[in-house]
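Visitor: I would like a close look at one part of this chain, taken slowly. Could you walk me through the side chains there and what they meet?

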Amino acid sequence: MLEGTKKALYPNAVFWLAQTPLLQTPVLAYTAFCGAQLQVFVKLSPFEAGISSSLLGAQFGMGIGQPGARITVGVNLFALCVSLWLIQKCKRAEQNLILDATTSA
């Protein structure tokens, strides 16, 4: 988006989509955020639901083989909202490009 081109929207949407999931299992764990985070998560055995927030910062975590880790699934709502907004902007940019092409022809 800093480039100011329509082509920059899609890579930015992918960047934010990569920050959306939170997953932790005894076999694999993944979490990432850059900028802001507002995660809604559910932990199993024992059941626990919650919200985790961090206003500013960055974190990347990936783990393999963590015996005893509780199964946790979550979503970074901030990253999800930003990525959906960017995807919507991508679709609008494509529609405008199609409209421009048909009106100029």
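Is Arg70 buried, partly exposed or exposed, and what is its relative accessible area?

Guide: Happy to take you there, with one note before we start: this is a predicted model. Arg70 is partly exposed, because its relative accessible area of 27% lies between the 20% limit for buried and the 50% limit for exposed.

Now follow the side chain of Arg70 to its partner. It meets the side chain of Glu48 in a salt bridge, with 3.3 Å from N to O. These two residues come from distant parts of the chain, 22 residues apart: Glu48 belongs to strand β3, which covers residues 48-64, while Arg70 sits in the loop between β3 and β4 (72-76). Glu48 is partly exposed as well, with a relative accessibility of 33%. As a general point, side chains of opposite charge can pair when their charged atoms come close. The count of salt bridges here comes to one.

Let us stay in this neighbourhood and turn to Thr25. This residue lies in the loop between β1 (21-24) and β2 (28-43). Setting aside the residues within four places of it in sequence, Thr25 is in contact with Gln66, Ala69 and Ile71. Thr25 counts as buried, since its relative accessibility of 18% falls under the 20% limit.

From here, a look at the aromatic rings rounds out the view. The count of aromatic pairs is three. One of them joins Phe15 and Trp16 edge-to-face, with 5.6 Å centre to centre and 85° between the planes. The two partners differ in how much they show: Trp16 is buried, at a relative accessible area of 14%, whereas Phe15 is partly exposed, at 39%. Another of the pairs is formed by Tyr30 and Phe60, again edge-to-face, with 6.0 Å between the centres and 75° between the planes. This pair links distant parts of the chain, since Tyr30 is in strand β2 and Phe60 in strand β3, 30 residues apart. Tyr30 is partly exposed, with 22% relative accessibility, while Phe60 counts as exposed because its 58% is over the 50% limit. Phe15 and Trp16 also belong to a wider group, as they form one aromatic cluster with Phe78.

To come back to your starting point: strand β3 holds Glu48, the salt-bridge partner of Arg70, and Phe60, the ring partner of Tyr30 in strand β2.

Notes
Residues numbered from 1 in each chain as written. Predicted model: local features only at pLDDT ≥ 70, side-chain atom pairs only at ≥ 80, totals over all residues. Heavy atoms only, no water. Salt bridge = Lys/Arg side-chain N within 4 Å of Asp/Glu carboxyl O. Helix = DSSP H or I, 4+ residues; strand = E, 2+ residues; numbered from the N terminus. Buried < 20%, exposed > 50% of the residue type's maximum accessible area, 1.4 Å probe, protein only. Contact = heavy atoms within 4.5 Å. Phe/Tyr/Trp six-rings, centres within 6.5 Å; stacked < 30°, edge-to-face > 60°.
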